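Reader: Hello, I am new to this structure and would love a friendly, close look at the pocket. Please place it within the rest of the chain as you go.

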Amino acid sequence: MSKNIENILLKYLSQSASPEELKELSKWLEDSKNKQIFKEFVKTNYAISYSVNTPNTKATVDTLLKTIRKQPKVFKLQTVFKYAAILILFIAVGIGIYNQTNTNVEVITENALKEILPGDQKATLVLSDGTIVDLAAHQEELIAEDELASIQNTKEGLVYDVLGDADEVVVKAPKINTLNVPVGGVYQIKLPDGTKVWLNSATSLEFPERFVGEQRVVTLKGEAYFEVTKGKRPFIVKTNSADITVLGTQFNVSSYDDDEYFSSTLVEGSIALNSNLKDQSSTILAPGQRAVIEMMNPSIDVASVDTQVYTAWKEGKFYFERERLEQILVKMSRWYNVDVIIENESLRNETFTGVAYKNKPVDYLLNMISKTTKVNYKITKNTSSGKYEIRLTK
């Protein structure tokens, strides 16, 4: 299977393939060998069991394929999920239960899994005077207002509006606020210049209530997606590993302190990336490129990528393309607020490709990974810390 077809299949399963790509997929499926490859691909990415004893499975897959071929131009992608959902009902879902002598560890039952909830819209805003505002508890409210700016918490997220002339010279230094998104949360903010920012779990963004001077500067810890409003003054995102300078563009930045790498993925426009590490190298990214800085080897590596893999999180999806299990589990731990323990070192470098919605229960994604990578998982609860634990084993 060519790389191009594989990318189309991944987009198809995540409801993002274009009409032209669907037409190409439909033509590719005319070959019976490709039809079998497609079945295996769906099986792999949705952990679907194609056992001969499974009722109606073959008929359902055939129906799915016919639907694609009949409607190559106006095919509604939701159809695949209707049939995939039917197939998933046939999966034998089980939770590994094991004996544990550690008195701090408690075996989790299937009902207890309901307590492990996916993340949600939540964040706290720390104002310049130290006031902490729980935004989930103050929805659709005016948070603060002075002669220079107002802060409104809306359905779409936090909105900063500049009062008066946005370009007028302000003598006093602007107030600095911080938006903190906890583990298991996401949030959106519109900055004073109109720039939109989506913040992922365990992320903080420090910014002024009003941009003054020759630059628009914010500081990021964690992961965020930026849609920067065009302007004469450069917009700068500062992180521990690198600074990103733009005038107006869309890009993703991942800069977690506990990750082994920094990355930035450019969707459109251009950005200048300047490393803060040893060699302090710099580079200009073009659309469709991703820059990575490994902490152990602080040079900037640039590669062309499918940007959706690195931005799908803001659309409520996990999107993995041959990603290491260790990295996948870290992302899961941030979203479901669980601890992750890999009991066999060899499993860290196992890879997984697939798409899943982030609003699903934790065992939904774990079952997908377990079925396709041939690894097992156990979910326990540490009675000492009160945290749930995902243990990955062979």
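Author: Of the contacts in the chain with a separation of 6 or more, 54% join residues 24 or more positions apart. Please keep in mind that this is a predicted model. The chain holds eight helices and 25 strands, and 49% of its 394 residues are buried.

Now to the part you asked about. The largest pocket encloses about 830 Å³ of space. Its lining is made up of 39 residues, and the ones nearest the centre are Y261, R290, E323, Q327 and K331. If you sort the lining by class, you will find 17 charged residues, 13 nonpolar ones and nine polar ones.

You can trace the lining along the chain. Helix 1 (3-13) supplies at least two residues to it, and so does each of strand 15 (250-255), strand 16 (261-268) and strand 19 (289-294). Further along, helix 6 (308-311), strand 21 (317-324) and helix 7 (325-336) each supply at least two as well. Strand 21 gives the most to this lining, with eight residues.

Let us pause at helix 7, one of the elements that line the pocket. S333 sits in this helix. With a relative accessible area of 17%, S333 falls under the 20% cut-off and therefore counts as buried. Setting aside residues up to four places away in sequence, S333 touches V183, V338 and V340.

Next, follow strand 15, another of the lining elements, towards the nonpolar interior. F251, which falls within the span of strand 15 (250-255), is among the residues with the most contacts inside the largest nonpolar core. That core has 39 residues, and L125, L158, I189, L205 and F226 are also among those with the most contacts inside it. Strand 12 (residues 216-227) gives the most to this core, with four residues. Apart from this core lies another, of 27 residues, including F318, L365, M368 and Y377. As a general matter, nonpolar side chains in soluble globular proteins tend to be buried together.

F226 is a good place to look around. Leaving out residues up to four places away in sequence, its contacts include Q250, F251 and V253, along with K196, V197, L205, V218 and L220. F235, V237 and T249 are touched by F226 too.

V253 also leads to T239, since V253 is among the contacts of T239 beyond four places in sequence. The others in that set are L220, S255, F262 and N276. T239 lies in the loop between strand 13 (235-238) and strand 14 (242-246). Even in a loop, T239 is buried, with a relative accessible area of 7%. From T239 to T219 the chain runs 20 residues, while their C-alpha atoms are 6.0 Å apart.

For a contrast, visit E145 in strand 5 (residues 141-145). This residue has 53% relative accessibility and counts as exposed. Beyond four places in sequence, E145 touches S150 and L163.

Helix 2 (residues 19-28) shows both situations in one element: E21, L22, L25, S26 and W28 are buried. Seen down the helix axis, these buried residues fall within an arc of 160°, so they line one face of helix 2. On the other side of helix 2, E20 and K27 are exposed.

How values were computed. Residues numbered from 1 in each chain as written. Predicted model: local features only at pLDDT ≥ 70, side-chain atom pairs only at ≥ 80, totals over all residues. Heavy atoms only, no water. 1 Å grid on protein atoms, 1.4 Å probe; cavity = no way out; pocket = protein on both sides within 12 Å on 5 of 7 lines; lining within 4 Å. Points joined across faces, edges and corners; volume = space filled by probe spheres on them. Nonpolar A, V, L, I, M, F, W, Y, C, P; charged D, E, K, R; others polar. Core = buried A, V, L, I, M, F, W, Y, C linked by side-chain atoms within 4.5 Å. Buried < 20%, exposed > 50% of the residue type's maximum accessible area, 1.4 Å probe, protein only. Contact = heavy atoms within 4.5 Å. Arc of directions from axis to C-beta.
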